[in-house]
Amino acid sequence: MPAPSNTFKQALKDGKVQVGLWQALANAYTVEISAGAGYDWLLLDAEHAPNDIPLLVSQLQAMKGTASHAVIRPPIGETWIIKQLLDIGAQTLLVPMVESREQAEALVKAVRYPPHGVRGVGAALARASNFNRIPDYLQTANEEVCLLLQVESRAGLAALEDIASTEGVDGVFIGPADLAADMGYLGKPGAPEVQAEVEKALRLIQPHGKAAGILIGDLSLAKRYVEIGATFVAIGNDVTLLANATSRLLADFKVAEAAKPAADAKVY
């Protein structure tokens, strides 16, 4: 019995657009609700969300059996944390702040078992191998790992073609928020100068046979990115959805309350 098939990785190879949603509330209930909505993938964020390994395990468990694929973003691209994330059952990782071919090559090694990489051999104790109930896990796991690298700085853009051409990398994700900050447009990822670089980057990735991805809350921009070839696109996040919905509900109530006739008003 081999390692579980990574359907998300195959979809990217086939050029099928995968629509995702960011998960930053660090909560299994939220992830379960979002997975039931029908997104192709959910990003479990351990870089900017208050996630740790046990919390991520619970979120992976909440997604089991759903149509949504789990992508985990570690806080940093270090071998030790990547090893733990793979062992808890993550098959797709989105590694932030990648800026060179050397870094990309090191990350490829981090997700592979020896002799092709440096991933520690401890899956017999781990959820990834169904606690050693998958007899061929070690022999088949490498092929089912999907490695996505996040480029989000001017240095990363300068090395983009080197990163995208690295063997073993499955996709490159452009991070507009950090890129905007690095370009001098802090908090303005929609600035024309930033958008020009984003579009250029998305186009540069594809000729190397790698999937191009991005997160953007502007649906018109998301559609634009898909039109120019992006295949994994996140269109929002759980924090903003909840914050906006709760604020809007209270505002709507106050408007309705203000419009209500006074109790002693005469109605003709």
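Tutor: On a 1 Å grid over the protein atoms alone, a cavity is a set of points where a 1.4 Å probe fits but cannot get out, and its lining residues have an atom within 4 Å of a point. Grid points are joined across faces, edges and corners, and the volume is the space filled by probe spheres set on them. The model here is predicted: local features need pLDDT of at least 70, side-chain atom pairs count only at pLDDT 80 or more, and totals for chains, interfaces and linings use all residues. Residues are numbered from 1 along each chain as its sequence is written, and side-chain values use heavy atoms, with hydrogens and water left out.

Student: Okay, how many cavities of 30 Å³ or more does a search of the whole structure find?

Tutor: Just 1. The largest cavity holds about 30 Å³ of space. Around it you'll find A3, L86, A90, Q91, R119, Y137, A141 and V145. Sorted by class, that lining has 6 nonpolar, 1 polar and 1 charged residues. Here Ala, Val, Leu, Ile, Met, Phe, Trp, Tyr, Cys and Pro count as nonpolar, Asp, Glu, Lys and Arg as charged, and the others, Gly among them, as polar.

Student: R119 is in that lining. Is R119 buried or exposed?

Tutor: The scale first: buried means under 20% relative accessible area, exposed over 50%, and partly exposed in between, with a 1.4 Å probe and protein chains only. R119 counts as buried because its relative accessible area is 1%.

Student: And which side chains have polar contacts with the side chain of R119?

Tutor: A polar contact is a pair of N or O atoms within 3.5 Å; within protein, one must be able to donate a hydrogen and the other to accept it, and residues adjacent in sequence count only if both atoms are side-chain atoms. R119 has one with D87 at 3.0 Å and another with Y113 at 3.3 Å. For plain contacts (heavy atoms within 4.5 Å), leaving out residues up to four places away in sequence, R119 touches several residues, including L86, K109, Y137 and A141.

Student: How do pockets compare with the cavity idea?

Tutor: A pocket is an open set of grid points with protein on both sides within 12 Å along at least five of seven lines. The largest pocket here has about 720 Å³ of space. Of its 26 lining residues, P4, K64, G89, Q91 and R127 are the closest to its centre. Two or more lining residues come from each of α1 (7–13), α3 (53–63) and β3 (69–73). Those labels are DSSP runs numbered from the N terminus: helices are H or I with at least four residues, strands are E with at least two. By class, the lining splits into 12 nonpolar, 11 polar and 3 charged residues.

Student: How much space lies in the second largest pocket?

Tutor: About 310 Å³. There are 21 residues in its lining, and K9, K13, G168, V169 and D170 lie closest to its centre. Helix α1 gives the most to this lining, with 3 residues. The classes are 8 nonpolar, 7 polar and 6 charged.

Student: What about the inside of the fold?

Tutor: In soluble globular proteins, nonpolar side chains tend to be buried together. A nonpolar core is a set of buried Ala, Val, Leu, Ile, Met, Phe, Trp, Tyr and Cys residues joined through side-chain atoms within 4.5 Å. The largest one here has 55 residues, and I72, L149 and Y225 have the most contacts inside it. Helix α10 (192–205) supplies its largest share, 5 residues. A second, separate core of 13 residues includes L43, C146, A211 and A234.

Student: Which backbone details should I look at?

Tutor: Most residues other than glycine have a negative phi, and most peptide bonds are trans. Here, the bond from P114 to P115 is cis, with omega near 10°. A26, though not a glycine, has a positive phi of about 55°. A26 sits in the loop between β1 (18–23) and α2 (28–35) and counts as buried because its relative accessible area is 11%. N130 also has a positive phi of about 55°, but N130 is partly exposed, at 35% relative accessible area.

Student: Which residues does N51 touch, not counting those up to four places away in sequence?

Tutor: A26, D45, A46, L56 and Q59. A polar atom of the N51 side chain lies 2.7 Å from the backbone oxygen of D45. N51 is buried too, since its relative accessible area is 13%.
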